[in-house]
Structures are given as C-alpha cells and as structure tokens.
Amino acid sequence: MTDSTIESILQEKRTFPPSADFAAAAHIKSLADYQALYDRAAADPAGFWAELAQQELDWFEPWTQTLDWQPPFVKWFVGGKLNISHNCLDRHLATARKNKAALIWEGEPGDSRVLTYAQLHREVCKCANALKGLGIGKGDVVGIYMPMIPEAAIAMLACARIGAPHSVVFGGFSAEALRDRLNDAQCKAVITADGGFRKGMAVALKPQVDKALANDAAPSVEHVLVVKRTGDAIAMVEGRDHWWHDLQPKASAHCPAEPMDSEDLLFILYTSGSTGKPKGVVHSTGGYNLYTHMTLKWAFDLQETDIYWCTADVGWITGHSYIVYGPLSNGATTVMYEGAPSAANPGCFWDVIEKYGVTIFYTAPTAVRAFIKMGDEHPNARDLTSLRLLGTVGEPINPEAWMWYHRVIGAERCPIVDTWWQTETGGFMLTPLPGAIATKPGSATKPFPGIIAEIVDLDGNPVPDNTGGYLVIKHPWPSAIRTVFGDDDRYRSTYWEHIPPKDGQYFYFAGDGARRDEDGYFWVMGRVDDVVNVSGHRLGTMEIESALVSHPAVAEAAVVGKPDDLKGEDIVAFVILEGEAVPSDALATELKRHVVSEIGAIARPGEIRFSEALPKTRSGKIMRRLLRNLAAGQEIAGDTSTLEDRSVLDKLRGGA
Ligand code: WTA
C-alpha cells in the first residue's frame, strides 16, 4: 500500500447507504435486521448455524452435536452426513432449476458453453465414474491442474461426489511447485488439460505435469486424466495417462453421491505463509458447504434470476468458494471465463457482462486499477445496465479505485461489497450485507453474522477505536481451516500462538493489521507477517528466497514487498552473489526467470538488487523492515540500534 493510499483511507469519510429499492428487495433489508441477526448469532453461534444448516442444506443423516470445540481444533455438525455435490446438483433437479443454466462458460478464443443443472449433474456423475474406474475412491487425494474450463468445476464436483478430496493447483504454478504439492498431499491422480488459452496464447499444462512426474519424482501419482483443450501435441504415457474424451463418454451417468461425514476432508488448498513451504489448508464438508452458501446468499444478496460472475481462477480459494461451491449450492447461474484482460483486449470483461447480462460481478482491486489505466472508453462502450451489485476481494481497495468502480462500472447504482477473507477462513468474514450496511470506500465494513472479530494487541487486549492492531477471530465458524494437512503443530503455531490464549479465550490470528472506526467499521491495512500480496496473490517471501538461493550464483537473498500502484505490492529481491559471480543485467534477468521456473510467473521479482551484505541483527536475523524502507525509497524508519553493522545500510543505499 502506498502512503497516499493509507493517507486517503485515513481521511475517507464518505458513506454510501443502500438505495431504498435495493434494500426493499434484499434478503437482509436494514441495519436493524443485520444487527438482530448479528446479536442472535453472537449470543448462540451454534444454535444460529444449526438452524441455517437445517433450513438451507440437505442432510442424509442429521448431526448429533452442532459444535465440538477443543481448541484449536473444531468440528461442526458432528455425526451429520451429506455430500456437497448433492447439495450443488441433485437437489436442484427436482425443482424448476433443473433446466436452468448452472454454468455459463466463455472461452478465451470466443467459444462458449452453457451447462444446465441437469447437464452438469450428468457430466459430474460420468467423471465420478471415470475416476472410480481408475481405482480412485473415498479418501484418495486427486490433484487438479487445469485451465479455466468447465471440466475444472466438473472434476472438483466429481471428486467431492465420491469422497476423494481434491487439491487444486493453480495452472500458473511451475512443474516444481506442482510436484511439491502433489507429494505433500500424496495425490493418487492428477486431472489436467493439454493446455489452456491466456492472453491470446496457448499455455501448456500437461507438459508441466510430465515434468513434475518425471524420474518418479511424485511416486504417489498413478493416473493422469487429460482434457483436450488447445489440441497441441502432447506425450501420453501408456497406462498412466488417459484422455478425458475417451473415458467420459463410456462412463455411466448414474453415480449416487457418497454419504460423507460432515467432518470428512473436502479439499486441500495450498497457500503461502511467512515460514517454510506452502501449507495445505484443510477444509471439511458440512461447515464449508453451509458457510459458503450463506455468505454468498446474504453478502451478494443472491436472487433466483441473478447471473453471477466471479473473475477469480479456480486455483484459488475464491474460485473454490465463489465460482463453484457457493453459487451452485444456491442454485445460481455462475459464469466462468477463461481469459484475462490485456492490452490487446481491454474490453473483454465488459463484453462478457454485456453478452450474458451479468448482474453480480466480483473481481479484485488490482483488476480495477488496471481497468482505470486502460481507459473509461472500454466499459463506456458496453451495455452494463444489467449489473446490480459489485464485489471486491484480495487486498485493501484504495478509495480512488473504489470510486471509479462505483461510478464507471456501477453507474452509482450498484452497492460495492468489499469482502475480507482468506484461504483459511473458507468464506467472507468481514463484508457489508448490501441491503443493510452503508459502505465506506476502503472498508470491508462489519463482521458477517456469527463472526466475532476483534482488533487486539499481542496480549489479546482490544485496542481503542481507530488504533491499529491485529485482526483476530474469537469464535470458531463453520468453514474455518481444520488443520494444516499433515501438520497439526504448524496449524497451532501459525494461527493460535501469535496471540496466546487468555482465560480460555482463543484468538485466531489472521496475519492482517487493521483498525476499527467509531462506527464499528473494520479497515484492513494489509499483512503484518512476511507475506507479500502481489496483484491479490499471496506469496511468502521465504518461498521466493528459497527459489533464489537454489540458483548456483546466489549465496543469500532477502525478499520484501514494495508499494506498487497497479499490483498493490511488487517483489524486490536483495541478492548476495556467490564468490565468482558478478552482478549484471543479464544475471538479474536470469534470476527472475529462475524464480518463475521454480514457482511460477506470479512470483517473478520486479526488481533484483545486488548487494554485498544484508542488514542483520546481532543474532543474525535479517531486518526486513529496513529493506522494505530501502525498496520503497523511503527514509529508514524506527530503531536501528540492533543492527550489527551499520555500514551495511550505507552500502545498500549507495548500491540502490
Ligand atoms: C488480503 C483471498 C483487504 C488479506 C480471499 C488476507 C484483503 C489475504 C481483502 C488472504 C480485502 C483479502 N481487504 N485485504 N477485502 N481480501 N485480503 O488466502 O491480507 O489468497 O489475509 O484469500 O488477502 O489471501 P488469500
């Protein structure tokens, strides 16, 4: 975040109440209604969620205990049995939704597909049977490494249907990153495509899978299922690799949904933290189903006729919760788009909105800022009058971008729903309910009913209004992370020990700094740990440092974020070279390329700074705070008395 952003957030005073028309037609119609729900939930969270779980979901068997909280481990709807694929598909077939569009898909080259609920159900059942035919069953983890095509959603739902947890790996990750994730989760199969289309080009995927599996480097993987998308020539390994288009037509369209225990593992999704390799965030079935369902319904005021479009990739939590599970559980029409705006196609998003009459549009501040740069003429040339609500996620939205979104895209008519949440939270935590809560540009407003959020100091004491502190959650919610896959200790130390429990009160530590204003609105300021947020993508500085030091020319590296107008933050890497290596532009380019091949293009450093030493404390800890100041071209702020060698700073300044 830039200083000017912080400045404008601090000074932002405007509020935007919902229009009377919007409020009158909304699920939650007034601040009093919100407050009543909030109070009811706060007084008895388990009772509140139990009532909604009963009303909103189908259960094969009822639960015996709503909440089992043995800090820091939580279970919801213990003993209940359900299947999220049933809740997303089968239960709609007996209603008027049977032939309603479930998934509208727009391919980048201009091809498109619409799948009704009945058709999507059929495809999911077939895929589920195809997986069974490969020997995949309940409890087997399946890797999904896909472009944004309907088969990605079909594969996820098929896994859920047979009780095989999925682990979706974003298609932009490198073969190395894919291999690590396949190994960590011990995936038995991988579902992929030959490639996908991105910014006018075919991007290969199956060759990355081949690379990840080469030399038996991911030995748990027995099968690879491949969708033909680009038609590019790829190698198929006899016995291991299978074409989707060979298996799918042969598979039966009859596949009853496996009754899953509410706490059975639904999926693993890897995300970055401040230490070590990415963590496998574990989500289970019942609570996740309920929470994604309710949050989408109330925060986006989902109605039967909405055409809802979330521009995220299914490789991220936003794609899981709010392209696939949340919308389909609600019986909504969800739009999926393969492309991304580029200089060659600056109006492509607005074309999709116009073509399908999108009513709810959900994107990221980084995209909004890119659109501002591309010019108002692109949205202005399209009919966007179908829109009735706009959403944002991924990073704090600067008030300038908020106002542009409100004015140019929303025509001052659409509420802006700024949703703060995380891979670990599964669903929205802080968000306006748009018929009830007046918005303020840059604030995610208030906690969703049932969420007890607080801003505290490191001792767990609440800080006064308008004072910065740590954002914590004080009561378990249904879609909370259950653990880090295979590593309960890491789960405990990452989320529950930064702020130690006090008098039986546990604090879920989100890793974000925030303040609350005098109206009870939360203002999330950004990460307080060693995580950078580049274009809404979360990356651990340590992962990038490890990638850099794996290059033979690099002895040591320290990575920090630097404020960037477009991306929010950009990556700056301070690099100390090995003995013989000499700094050069060519080497800087080579190192950037190396990070891309180790992690993926989202982790490419914007800047490499060669230096002779790094500022360290006497105990050898890199003082990142000072590097952040240097990277941003700011004066060194705060205390430098613990610095071991003060001349390092002068050298770094000179070298920069
Ligand atoms: C940031 C994405 C401010 C925050 C759903 C969080 C936000 C991290 C917002 C999670 C928002 C997300 N306002 N910051 N509306 N939404 N963040 O796991 O730092 O990819 O901790 O989940 O993104 O990123 P993740």
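Let's start with the ligand: 17 residues surround it in this predicted model, and the ones that come nearest are Asp418, Thr419, Thr423, Asp512 and Arg538. By character, that shell splits into six nonpolar, six polar and five charged residues. If you want to know which elements to look at, helix H12 (317–329), strand S20 and strand S24 (522–527) each contribute at least two residues to the shell.

Now for some polar contacts. Glu395 has a backbone N or O atom 3.4 Å from a nitrogen atom of the ligand, and Pro396 likewise places a backbone N or O atom 3.5 Å from a ligand nitrogen. With Arg527 it's the side chain that takes part: one of its N or O atoms sits 2.8 Å from an oxygen atom of the ligand. Taken on its own, the ligand has 530 Å² of accessible area, and the protein covers 95% of that.

Let's go back to S20, which spans residues 416–419 and carries two of those nearest residues, Asp418 and Thr419. Which way do its side chains go? Ile416 and Asp418 point one way, while Val417 and Thr419 point the other. Whichever way they point, all four are buried.

Next door in the sheet, S20 pairs with strand S19 (residues 389–393) in the parallel sense, over four bridges. One register to check by eye is Leu390, whose bridge partner in S20 is Ile416. What links the two strands into a unit? Helix H16 (residues 399–409) joins S19 and S20 in a right-handed β-α-β unit.

Terms used:
Residues numbered from 1 in each chain as written. Predicted model: local features only at pLDDT ≥ 70, side-chain atom pairs only at ≥ 80, totals over all residues. Heavy atoms only, no water. Buried < 20%, exposed > 50% of the residue type's maximum accessible area, 1.4 Å probe, protein only. Pairing = 2+ DSSP bridges. Right-handed = clockwise from strand over helix to strand, strands pointing away. Near = heavy atom within 4 Å. Polar contact = N/O pair within 3.5 Å; in protein donor to acceptor, adjacent residues only side chain to side chain. Areas by Shrake-Rupley, 256 points an atom, 1.4 Å probe, with all protein chains shown as cover. Nonpolar A, V, L, I, M, F, W, Y, C, P; charged D, E, K, R; others polar.
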